[in-house]
Amino acid sequence: MTVTLTDARDELRRVFGYQDFIGKQAEVITQVLNGGSALALMPTGGGKSLCYQIPALVLPGTTLVISPLIALMKDQVDGLLQYNIRAAYLNSTQTINESRQVRAQFLNGELDLLYVAPERLLSGDGVQFIQQQPINLIAIDEAHCISQWGHDFRPEYLKLSTLFQHLPQVPRLALTATADAQTKKEIIEKLNLENAQITVDSFDRRNIRYQIFSKENTRAQFLEFYQREHAGHSGIIYCLSRRRSEETAQWLESVGLTALPYHAGMTTKTRQRHQEKFIREEGIIICATVAFGMGIDKSDVRFVAHFDLPKSIEGYYQETGRAGRDGLAANALLFYGLGDAVNIRKLLQDSTAPANIRRIEQQKLDALITFCEANDCRRALLLKYFGEAYQAPCNNCDNCITPPQMQDGTVIAQKFLSAVMRSRQMFGVTHIVDILIGKTNEKIQKFSHETLSTFGIGSDIGASEWKRIARQLISNGLLQPDEQYGALKITEIGSKVLRGERTVTIKKEVKKTKTTKADRVRKPRTDPSAVLNEWQAAIFEELRAERLQLAQAQNVPAYTVFHDSTLIELAKALPTTEAEFATIPGIGAGKSERYAAKFLKIIDRLREAE
Ligand code: ADP
Ligand code: ZN
């Protein structure tokens, strides 16, 4: 008996309550049902899990899911159990008794999905054990963990080939949201996917709004934005250092918000506790280093903010991608300032890596700086970086929403450059700005800089505006800060501008004024209830409260009971029967059986009260 895509779609409707496949799911699933292997490159939120979960349900036998996410496996499996899917996991966090039970279930053919950590599978009798039952598919989740390039490298992944040698006939499906060419190449090589079908979905995350803020007072700027758009929402703030993540969390607590730090310097236990709290509770802001995030499938992260510059565009895309997995509107904010531009330019110069690695580092940093300083569609730039064509405008990034005003900055640049020149290229930005605005202080007096012809020639422009200009001149390579003290040196491009052989365009910085009254009365754009009318929004809140109770009683994250998007659909459709209830996207038979009575009762009560 062959299983077709139609069977798969029927199962999708029955079990998950979704009408049809999204993105490239159908293509991947078709390949797997035909017994072929595949590599699926899809963005976060692109629906990767269903690519193996649906085959697991319709094919005879068990699907083996290899996952590095030990701390999250329980949540993943709990999520499936909510749908009455026969799933279990084996990893080192279990007691002997628990794993014995799972093994028995597997051997009795009672599992459609078995999640395993690679170290577990490849040690002891793991491989022999697996061979005792028919395996219909090996899904390798987070397949980029096999790549030594990224910071998610897991050496155990390299040993998976042993498993494949023992199960040569079983199709393999590797899945990842990391799209760069190098990683892709490594996945294909190391997972022996040379003959596999390669499916690449668009990496556009339409619901994420990309915004870059000119950094002045990051905390104040963030708080203003948060209060305007995200009050009560869950979000992630990425910081460069462990200390910064601690300090940021403390500061947020001190202004009355709920925040937790997360970084590699904390004990595993504390880290796990914070992660769990973030996933299970609502309205927590996690202040983290890049150590945080892989596999976090919390669907209602409404914003990701970078207080410090990410390491690369890849990093930025991956980190911001953790927002809005549920497809509802989300924000990605990056704070970028003079210090960042200086640091990048220094890094570009200082690298001691071998020439070929250094070239790659330089390209990456250049791309990042270009992205930060860009005047046109950020989304188009991002996607182009990943080799995807995109027709701007996207109307959902800062530059598309409020196109920056450009002006000829040649004269302004010449003023700045000549102040650098006349003070003999021995000073950093702050001092040059003091010269330009004619500020007398100890340092100015010590070097007699008040006698320079450039002293005070820029007093018509404020110090903070001069710093923004300096940032652009540095970013655009007119000035290079030296590695030790950050003294600015004029580059070849800078000299040309100074001699009038080249012009410069700079951005007029439009400062966002204080929150206007219109801002305050407008419903936050990212609030799910913004798509509901007042009555529906009230219902949504009641359903949400019920969901939280049910989730807590079972000790599972709220979104594994129902996603926000499902609650929104419920509040709109107001089903009256269990059959109607089951057809709401994201519900399906199992969850309907569990929850229809409770939710229908609430809906009935509210309908009558209206
Ligand atoms: P990924 O693992 O690629 O990040 P997920 O598998 O977690 O993505 O899916 C992202 C979201 O999309 C989830 O909320 C999931 O329920 C939803 N989803 C997946 N497939 C479909 C579908 N066919 N129709 C509607 N929603 C879907
Ligand atoms: Zn855009």
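Here are some quick notes on one helix and one zinc site.

1. Ground rules: this is a predicted model, where local features need pLDDT of at least 70, side-chain atom pairs count only at pLDDT 80 or more, and totals for chains, interfaces and linings use all residues. Residues are numbered from 1 along each chain as its sequence is written, chains are lettered from A and ligands numbered from 1 in the order in which they are written, and side-chain values use heavy atoms, with hydrogens and water left out.

2. Helix α12 (helices being DSSP runs of H or I, at least four residues, and strands runs of E, at least two, numbered from the N terminus) covers residues 242-254. Its 13 residues reach 19 Å from first C-alpha to last, close to the 18 Å expected at 1.5 Å a residue (1.5 Å times one less than the number of residues). Just after α12, Gly 256 has a positive phi of about 90 degrees.

3. Ser 245, Thr 248, Ala 249, Trp 251 and Leu 252 of α12 are buried (under 20% relative accessible area; exposed is over 50%, partly exposed in between; 1.4 Å probe, protein chains only). The buried residues fall within an arc of 160 degrees down the axis of α12, so they line one face (the arc takes directions from the helix axis to the C-beta atoms). Arg 243, Gln 250 and Ser 254 sit exposed on the face turned away.

4. The zinc ion (ligand 2) has protein donors Cys 377, Cys 394, Cys 397 and Cys 400, each through SG, at 2.3 to 2.4 Å (donors are N, O and S atoms within 2.8 Å of the metal, 3.2 Å for Na, K and Ca). Angles of 101 to 121 degrees among the 4 donor atoms make the site tetrahedral (four donors, all angles between 85 and 135 degrees).

How values were computed:
Tetrahedral: all angles 85-135°; square planar, octahedral: opposite > 155°, others 65-115°.
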